[in-house]
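Biologist: I am new to this model and would like a guided look at one part of it. Please start with the surface and then take me on to the sheet.

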Amino acid sequence: MRWRKWNFILHRDIGYLCIGLTLIYAISGVAVNHTSHSFNPSYTIEKSAATVSKLEDGKQPDREYVNQVLAELGETGTFKNVAMLNPSTMRIFIEGNSIDVTLATGAVIQEKIARKPGLFEMNYLHLNKHKKSWTLIADIYAIALGLLAVTGLLMIRGKNKLRGILFTSAGIALPLLFLFAVL
Amino acid sequence: MSKILSFLFVTLLFSPSVYAQELQLGDPITLTEVTKVSEINAHPEKYKGKKVLIEGMIINVCAARGCWMDIASDVPFEKIQVKVVDGEIVFPMEAKGRNAKVEGIAEELKLSREQAIAMGKHRAEEQGGEFDPSSITGPVSFLRIRGLGAIIQ
């Protein structure tokens with residue numbers, strides 16, 4: 001039948017179009033699924049401790065002391081800002097690094113962050129951080145996936161009919177059984 | 001068609017907004033008058049439930065989901081938390097140390113001692129720091145901003 005031919009063409013070509021986005025959403029999906037306090041899917045966060053010269057008694061922290069701390073840590077990144085978190089702790093913000101200094105002891109805790117190459121960008125798209133135009137593209141992709149499912153369903157016939165029915169039923173039953181079990 | 005999609009993909013991936021110096025997040029800011037964080041902290045009853053625009057340095061960002069950030073007050077050692085619905089707005093980790101304008105609703109959060117301890121532990125886990133439960137001696141209430149839109153400069 002003629003409609004079966006068009007159904008096959010639609011299924012095939014939509015499938016081709018969806019490959020890139022499906023891989024992005026699949027990889028990002030696994031990463032985002034495992035977000036926790038110890039795993040950020042988009043950034044590498046490294047914490048380390050060090051000690052620098054303490055602030056001299058009676059002195060207020062100033063730019064000279066900030067420069068001294070950065071020099072002792074060998075930090076050459078772009079300086080962003082500095083803030084006093086409380087009377088005894090100063091936080092220095094460097095591009096990709098924040099440095100907490102306990103003024104009385106010189107104890108330092110550094111938190112270095114870096115984007116996970118590839119994963120940051122995939123999560124950016126998957127989580128739709130861009131909004132605007134990406135919302136439209138993501139909606140089109142969702143419709144395309146729906147079409148892929150419907151055209152796939154219409155291809156269940158012939159010698160693979162039983163296999164198609166079984167696998168399709170299993171795919172539909174899995175979320176339903178899960179919801180039945182947990183809700 | 002696939003070429004168009006590839007072009008769109010590459011364009012979005014490297015579009016300036018991903019790496020922009022100034023990031024606009026969430027709804028556009030509508031207020032023009034900035035309310036000082038110290039003013040909100042000093043008079044929480046006056047601002048509870050009201051839409052405000054605040055401005056200040058971002059001193060901390062949620063390390064797990066980017067769902068909150070702390071804005072430094074104009075008064076030393078003070079701050080205010082901006083909380084957003086997970087996923088609606090995601091504050092980037094790189095925002096720390098940058099200046100932000102945030103528009104949102106000032107809301108009061110009332111916590112029992114147990115809830116306050118749980119929140120303290122949660123934040124310590126997120127930040128990898130330590131938390132002393134004995135520092136919480138009773139119910140806690142504080143004002144935070146439910147963020148609707150932000151500009152990170």
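Modeller: A patch joins residues with over 30% relative accessible area (Shrake-Rupley, 1.4 Å probe, only the protein chains shown as cover) and no salt bridge (Lys or Arg side-chain nitrogen within 4 Å of an Asp or Glu carboxyl oxygen), linking like charges within 9 Å and nonpolar side chains (Val, Leu, Ile, Met, Phe, Trp, Tyr) within 5 Å. This is a predicted model, with local features needing pLDDT of at least 70 and side-chain atom pairs 80 or more, while totals for chains, interfaces and linings use all residues. Residues count from 1 along each chain as written, chains are lettered from A and ligands numbered from 1 in written order, and side-chain values use heavy atoms, without hydrogens or water.

On the surface, Tyr16(A), Ile19(A), Leu23(A) and Ile27(A) make a nonpolar patch with about 420 Å² of accessible area together. Leu23(A) belongs to helix H1 of chain A, residues 2–33 (DSSP runs from the N terminus: helices H or I of at least four residues, strands E of at least two).

Now to the sheet: five strands of chain A form an open, antiparallel sheet ordered E1-E5-E4-E3-E2 (pairing needs at least two DSSP bridges). Strands E1 (43–51) and E2 (79–86) of chain A are at the edges with a single partner strand each, so one side of each has no neighbour in the sheet. From one strand to the next, the twist averages 15° (axes are lines fitted to C-alpha atoms, for helices over the stretch in contact; angles between N-to-C directions run from 0 to 180 degrees). E2(A) runs antiparallel to E3(A), residues 89–94, joined by six bridges; Met84(A) has Met90(A) in E3(A) as its bridge partner.
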